Amino acid sequence: MTRIRFQRSLDDLKEKLLVMAGLAEQAIQRAIEAYRVRDLSICDLVNRSEVAINRMEREIDQAALDLLAMEQPMAIDLRFILAVIKINSDLERVGDAAKSISNRVRTMESMAQAELPVDIPRMASLAANMVRKSLQAFIDGDAEIAQSVLSMDDAVDAMNRAAHRTMTEVMANDSHLAPQALNALMVCRSLERVADHATNIAEDVIFWVKGADVRHKASIEAAAKTAAKLQQ
Amino acid sequence: MGVGIEVTNLNAWYGTNHTLQDIQLHIPANHATALIGPSGCGKSTFVRCLNRMHETNPIARVTGSVRIGDIDIYQDASPVEIRRRVGMVFQRPNPFPTMSIYDNVASGLKLNGYSNKKHLDEIVERSLRNSALWDEVKDDLKKKSGASLSGGQQQRMCIARALAVDPEVLLMDEPASALDPVSTSKIEDLIFELKSQYTIVIVTHNMQQAARVAEKTGFFLNGRMVEFDSTHKIFTNPSDKRTEDYITGRFG
């Protein structure tokens, strides 16, 4: 075994990203909890963790940049560092989504409570589960777990579309509920983004472990089929 | 124009040491192909088998076939003919110290019996232009000795000397390992330019260099070709664990 120092730096980088992941995962869980119980003190915690997440993002990018410049990594090491840089950015955006949800909770404070036909807790639980699983895949370097995350994204997308439909109906039929419906829609949108970031993280894990780029696979294949048909 | 190289069942020995074992390889024409691997893995022996230099060592032996274009170099041609068709550049520049720059470049041609001065002038100029050295030496061609040039210039002069005999293949055995970064980058730019006209095989310990200049890369280990693939594949996602361990610096 050679390059012991480099290996140690890679381990440090992974550890830093896991700290970042812990912060982002905690932020989204807190934001969901704040929404559920309408507790502004939890929103404050979310806001505070966003500062820490932003600081970590810069620190991780710098560490990754140093390794790229100083160690000229190759193959699986290069893929790992690229994956870390991209996952880092996705985690920062998960933090942004958490803050966005906590901002919605603050807005809700001035509104009357309303029972809306949208299952935000279920959607939140699904999105948070995707984040957890994608990070588990990263910790274990497990492409199979990562693959399972990809198939979960469709369910969240479908829930977001359904929420869009039902909230539009609420706004059309009950205009006094429009602020609450709009707020719920924005929360759904944030959760859908969280699920997208979890998907990105899972794709980056697959790239790191297997060297396979699985991003946009379905749309690229569909475009190729269409092009082939047009050529016939 | 360059030609492809087809290597079949190539084995080589130094005395009883079996240094190359069952090498099968297709080197595409007009491409740069890099050979990487730890010291003593057989990559330099391999390139020396491509121009029959290996057999200049009295205890060396080769079996198998190497076809360059449509010629089997061990069956159909003499070593002298092969070395005209297959030029070689070594790790350290090897100018003829007492000769002028002009004579260094023209030496191979003169050895082959060229004496037409006008023709020689044209070839020397073309070769020095092709090796990106002309502008730096055109005023001192016959005044300065080849040894008076800088290391990087000497190496480009040696490349010009190899090009002057109009080869189809250019073998480069760590051509930039003794040069500073600027000279190295000039050699790499040159390789990039030359591969449209010649088939280039480069042995290098510098993996970034292989990644920069070559379309194909082969990894040698213990006298065997472990993996041969597109450079992109080798350096981003190699198929063989031994290749990955080597290029990530886990051994070697």
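**Exercise 1. The second hairpin of chain B**

Which residue in the turn of the hairpin of strand 9 and strand 10 of chain B has a positive phi?

Solution. Before we start, note that this is a predicted model, in which local features need pLDDT of at least 70, side-chain atom pairs count only at pLDDT 80 or more, and totals for chains, interfaces and linings use all residues. Residues are numbered from 1 along each chain as its sequence is written, while chains are lettered from A and ligands numbered from 1 in the order in which they are written.

Step 1: find the strands. Helices (H or I, at least four residues) and strands (E, at least two) are DSSP runs, numbered from the N terminus. Strand 9 covers residues 216–221 of chain B, and strand 10 covers residues 224–230 of chain B.

Step 2: check the pairing. Two strands pair if DSSP finds at least two bridges between them. Here 6 bridges join strand 9 of chain B to strand 10 of chain B in the antiparallel sense. Along these strands, B:Thr217 faces B:Asp229, and B:Gly218 has B:Phe228 as its bridge partner.

Step 3: look at the turn. There are 2 residues between the strands, and B:Asn222 has the positive phi, of about 50°.

**Exercise 2. The sheet around that hairpin**

Find the sheet of chain B that holds strand 9 and strand 10, and name its edges.

Solution. Step 1: the sheet is open, with 6 strands in the order 6-7-8-3-9-10 and mixed pairing.

Step 2: strand 6 (86–89) and strand 10 of chain B each have a single partner strand, so they stand at the edges with one side lacking a neighbour in the sheet.

Step 3: from one strand to the next, the twist averages 20°.

Step 4: helix 6 (residues 151–164) of chain B packs on this sheet, where it touches strand 6 and strand 7 (169–173) of chain B. The direction of this helix makes about 170° with that of strand 6 of chain B. Touching, or contact, is counted when the C-beta atoms of two residues, placed from the backbone, lie within 7 Å.

**Exercise 3. The open sheet of 4 strands**

Trace the sheet of chain B that has the order 2-1-4-5.

Solution. Step 1: this open sheet has 4 strands, and its pairing is antiparallel. Strand 2 and strand 5 (71–72) of chain B have a single partner strand each, so they form the edges.

Step 2: strand 1 (residues 5–14) of chain B runs antiparallel to strand 2 (residues 17–27) of chain B, with 7 bridges. B:Trp13 stands opposite B:His18. The hairpin of these strands has 2 residues between them, and B:Gly15 takes a positive phi near 60°.

Step 3: strand 1 of chain B also pairs with strand 4 (residues 60–68) of chain B, antiparallel and over 8 bridges. In strand 4 of chain B, B:Ala60 lies opposite B:Tyr14, and B:Ser65 lies opposite B:Thr8.

Step 4: helix 1 (residues 43–50) of chain B lies across strand 1, strand 2 and strand 4 of chain B, at about 65° to strand 2 of chain B.

**Exercise 4. Helix pairs in chain A**

Describe how helix 4 and helix 6 of chain A pack, then helix 2 and helix 3 of chain A.

Solution. Step 1: get an overview. Chain A has 7 helices and 0 strands.

Step 2: take helix 4 (residues 120–140) and helix 6 (residues 178–210) of chain A, whose axes lie 9 Å apart at an angle of about 20°. Axes are lines fitted to C-alpha atoms, for helices over the stretch in contact, and angles run from 0 to 180 degrees between N-to-C directions. These helices are therefore roughly parallel. Angles under 35 degrees count as roughly parallel, over 145 as roughly antiparallel, 65 to 115 as roughly perpendicular and the rest as oblique.

Step 3: name the contact. Among its residues are A:Met123 and A:Ala127 of helix 4 of chain A, and A:Leu191 and A:Ala195 of helix 6 of chain A. By class there are 19 nonpolar, 1 polar and no charged residues. Ala, Val, Leu, Ile, Met, Phe, Trp, Tyr, Cys and Pro count as nonpolar, Asp, Glu, Lys and Arg as charged, and the others, Gly among them, as polar.

Step 4: turn to helix 2 (residues 40–71) and helix 3 of chain A, whose axes come within 9 Å and cross at roughly 165°. They are therefore roughly antiparallel. Their contact has 13 nonpolar, 6 polar and 6 charged residues.
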